[in-house]
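Here's a quick tour for anyone about to load this structure into a viewer. Have a look at it first, then read on.

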Amino acid sequence: MRLLTLTLLFITLGAAEDGLQGWLRYAAVPGSQNAIVPSQIVVLNATEGSPISTAQQELEKGIKSITGKAIKRRSAARQQSRAIILGTRDTFVKHYGNMTALSGLEEDGFYLSTEGADVTIVGHNERGTLYGAFEYLSRLAQGNFAPTSAVHNPQAPIRWTNEWDNLDGSIERGYAGPSNFFRNGFVVDNVTRTAEYARLLASLRINGVIINNVNANASLLNDRNLDGIGRLADAMRPYGVQLGIALNFASPQTFGGLPTFDPSDPKVDAWWVNITNVLYEKVPDMAGYLVKANSEDQPGPLTYNRTLADGGNMFAKALKPHGGVVMFRAFVYDHHISPTNWTSDRANGALEAFQDLDGKFDDNVVVQIKYGPLDFQVREPPSPIFSFLRDESTAIEVQVTPEYLGQNDHLVYLAPLWKEILEFDMRADSQPSKVKDIVSGKRFKRKLGGYAGVVGAGANTTWLGSHLAMSNLYAYGRLAWDASLDPQDILQDWIRLTFGCDEQVVSTITDMAMRSLPAYENYSGNLGVGTLTDVLYTHFGPNPLNTDNNGWGFWQRADHDSIGMDRTVKNGTGNAGQYAPEVAQMFENIETTPDNLLLWFHHVPYTQKLKSGKTVIQHFYDAHYEGAAAAQEFVTQWESLEGKIDQERYENVLYEQKFQAGHALVWRDAINDFYYNVSGIPDDNGRVGNHPYRIEAEKMTLFGYKTYAVKPFIAASGSAAIITTSNSTTGTATTNVTFASGTYDVAVNYFDLIRGKAKYQLAIGNRTVGEWVGDAEGKLGHEPSLYLDAHSAMRITFKGVSVARGDLVRITGQADGMEPAPLDYISFLPPGVVD
Ligand code: GCW
């Protein structure tokens with residue numbers, strides 16, 4: 001018996017788990033052999049390559065893998081035992097007569113019943129049937145065999161992802177390697193990964209994918225790529241996922257050879273009609289277009305004094321005969337606004353751009369609105385446009401790829417952020433107007449509307465560069481289908497499907513993930529000040545010095561005494577006044593503005609008291625210590641799962657959690673030092689700027705190393721680090737332990753730059769404590785840094801090192817390439833201390 005258990009354990013844990021299957025692993029569920037799962041399948045209608053035949057294959061494969069039982073295909077006439085009946089409503093009714101439940105089916109919806117004599121999966125259309133099959137499998141894979149019977153309908157017709165893949169094979173804001181769609185200017189030949197991706201998306205009931213970057217390249221439209229687009233669409237079609245493309249507005253001129261791209265020029269219109277017709281020959285079910293116009297230097301109709309609606313409608317007319325949709329982005333703003341003007345505000349840009357356009361777009365245009373007025377920050381109010389546009393269909397745009405939120409090297413479960421926005425009541429006309437009901441089309445009675453999620457899926461087997469980050473893609477799809485779901489419930493479905501049903505696994509990952517967004521917000525930008533990443537460089541690590549004094553408008557207006565954007569109507573940028581009156585009033589008034597958006601709407605002294613009773617500045621200090629402490633706990637929590645998760649994914653996630661724990665401290669210190677420096681107000685608890693367990697590298701005895709002033713100064717402890725005197729030097733930094741003899745966790749903070757893999761060795765009392773290489777650039781997904789800064793700053797920790805007072809500490813660093821083995825400090829941490 002024991003041997004059997006061990007063997008089983010080995011089989012479960014031994015399988016290579018590289019993440020490729022995502023939540024569709026169909027891991028064996030113990031005990032499921034006895035569950036009443038049918039042994040036959042009756043497929044009522046399926047042509048080869050249709051979503052229904054995909055559903056059939058998926059059920060055969062999934063059930064075999066989950067329960068170990070094979071199911072046999074039978075025709076309706078030859079069914080002998082309990083079967084899965086699979087088909088669309090029309091064919092089901094033909095074979096079995098009508099059922100009242102089926103009349104409630106809406107487009108893409110499905111009926112799933114496991115209660116009756118058979119398991120019935122009936123879709124409104126073919127892809128609805130596939131969705132039903134995935135739902136059934138998801139239940140089985142989670143060990144849920146309870147009888148059920150319900151109609152499932154989507155809340156919104158548009159449930160798309162946006163991929164920002166470039167033709168050269170890179171992915172803008174992607175953290176998981178190169179594109180699955182393009183290489184060297186062309187669509188790839190091998191579409192296997194495209195099909196695998198479509199499978200994951202279909203299981204989430206996502207029905208459209210924009211395959212290329214909104215900063216679009218017109219050569220997507222060359223002949224070879226048009227064929228390629230056809231190939232990609234063919235690969236997605238069996239999953240009911242429709243392909244769409246992002247367009248460059250200037251294509252008629254830059255690619256088509258016309259003298260202009262003016263939307264009111266008939267030659268330009270004709271050019272678009274023609275290319276659209278050609279596209280529909282290749283992809284008869286193409287979803288439509290996505291357009292970013294007149295934003296961040298992209299061309300658009302404003303160049304010719306035409307309106308954004310003139311621009312959008314040009315595409316709408318070309319698409320109309322084919323049933324296609326234009327997603328027209330509301331992300332329109334000027335990134336050269338003047339920071340010295342107290343009333344200028346990037347957050348106002350989008351509504352200003354659309355203020356005369358309500359009702360002016362054709363009915364197959366959907367205005368695609370980023371969730372907040374700025375740009376995917378850790379905390380923003382919903383965009384005011386949601387309630388401003390009444391006569392347009394709208395969609396919410398969220399980022400599954402966390403550009404400003406740790407770039408998948410920090411665990412940040414995003415569903416709670418999206419949920420908060422979706423549940424926000426915009427109070428249009430003083431009526432309930434939740435964002436989710438606006439984008440679904442329900443509130444303003446629009447036929448179209450929905451969701452656009454920027455994913456950044458890449459060629460890495462983890463798809464997103466991190467196993468845990470897949471919870472975000474999963475949650476995006478689930479919320480796009482049904483925004484009333486609870487983020488924690490969604491998460492737990494994902495955990496069971498991804499890592500199994502073990503209770504400790506489920507509760508531990510749940511706890512980590514549910515604490516992850518608050519932790520990130522705590523150690524990055526608080527109280528609605530913005531995320532405080534380096535907005536002029538990679539958007540990854542902290543650089544609050546770069547937020548103000550440039551045209552990008554991520555301003556926090558931090559000076560010696562005060563901080564925050566005054567967005568009031570009475571004294572500021574007027575942004576609060578862009579909301580419907582009740583909401584406007586709430587944000588205009590400092591008393592009714594929630595603490596977590598205080599600095600978004602108001603400019604206040606650092607000593608301003610929050611509703612919590614703390615001052616703004618003390619809140620910053622405390623939050624940063626709390627957030628960074630939580631990130632340390634994620635490591636120990638994950639370590640508690642060793643042996644319960646396959647080694648491959650265990651190690652992979654552990655590496656990332658350790659990275660996050662170290663980088664959270666970089667964040668904590670950088671932000672706290674910045675505010676301490678600018679305000680001069682000390683931390684009530686004496687922590688900020690006071691690090692008794694550290695020895696600064698620049699204070700050690702250096703040989704072959706020299707001191708280096710780090711920029712920004714907050715990226716290094718004590719503002720300085722050391723680097724080797726040349727790029728081929730091996731340097732040493734030595735000192736003696738001044739702490740009491742005992743056992744310590746010894747942490748070394750260093751900088752890991754790209755273009756070099758420096759080697760390090762730490763020895764204490766002539767014993768080697770550890771050796772490591774500065775090779776994070778190959779292991780982390782975020783855009784690496786060329787410099788010593790808060791993007792490259794990281795930490796390695798050696799646990800439980802016994803040390804004697806007076807021991808010689810020696811760090812040896814061997815430069816490599818452009819990486820001069822940079823070191824910041826070494827910490828001797830007594831048990832329980834994090835610093
Ligand atoms: O968030 C910003 C990103 C850009 C992006 C742009 C957009 C595709 O930094 O990389 O460009 O928004 O959404 O258009």
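What follows goes from the ligand site to a helix, a set of strands and one residue in the N-terminal part.

**The ligand site**

Keep in mind that this is a predicted model. The ligand has 15 residues around it, and the closest are Glu 172, Lys 292, Lys 370, Asp 375 and Glu 403. Which side chains put a polar atom close to a ligand oxygen? Here are three of them, with the computed distances.

| Side chain | Distance from its N or O atom to a ligand oxygen |
|---|---|
| Glu 172 | 2.4 Å |
| Arg 173 | 2.8 Å |
| Arg 329 | 2.7 Å |

So much for the ligand; on to the protein itself.

**Helix H6**

Helix H6 takes in residues 223-236. Does its length come out as expected or not? With 14 residues at 1.5 Å a residue, H6 should span 20 Å, and its end C-alpha atoms are indeed 20 Å apart, so the two values agree. The buried residues of H6 are Asn 225, Leu 226, Gly 228, Ile 229, Gly 230, Leu 232, Ala 233, Ala 235 and Met 236. And what covers them? The cover includes helices H5 (192-203) and H8 (266-282), along with strands E9 (186-187), E10 (208-210) and E11 (242-247).

**Strands around E23**

Further along the chain, strand E23 (residues 730-736) runs antiparallel to strand E20 (residues 701-703), and three bridges join them. E23 also pairs with strand E28 (residues 808-814), again in the antiparallel sense, over seven bridges. Thr 734 is a handy residue to click on here: in E23 it is the bridge partner of Thr 701, and it stands opposite Arg 810 in E28.

**The N-terminal domain and Leu 112**

An unreviewed UniProt entry annotates residues 22-136 as "domain: Alpha glucuronidase N-terminal". This span is 31% helix and 19% strand, and its end C-alpha atoms lie 17 Å apart.

Leu 112 sits in strand E4 (residues 110-113). Is Leu 112 buried or exposed? Its relative accessibility is 1%, and buried means under 20%, so Leu 112 counts as buried. Leaving aside residues up to four places away in sequence, Leu 112 touches Val 119, Thr 120, Ile 121, Gly 132, Glu 135, Tyr 136, Arg 139, Thr 148, Ser 149, Ala 150 and His 152. For a sense of scale, Leu 112 and Asp 502 are 390 residues apart in sequence, with their C-alpha atoms 27 Å apart in space.

Methods. Residues numbered from 1 in each chain as written. Predicted model: local features only at pLDDT ≥ 70, side-chain atom pairs only at ≥ 80, totals over all residues. Heavy atoms only, no water. UniProt positions renumbered as here; feature names shortened; annotations may be inferred. Helix = DSSP H or I, 4+ residues; strand = E, 2+ residues; numbered from the N terminus. Expected span 1.5 Å × (residues − 1). Buried < 20%, exposed > 50% of the residue type's maximum accessible area, 1.4 Å probe, protein only. Contact = heavy atoms within 4.5 Å. Pairing = 2+ DSSP bridges. Near = heavy atom within 4 Å. Polar contact = N/O pair within 3.5 Å; in protein donor to acceptor, adjacent residues only side chain to side chain.
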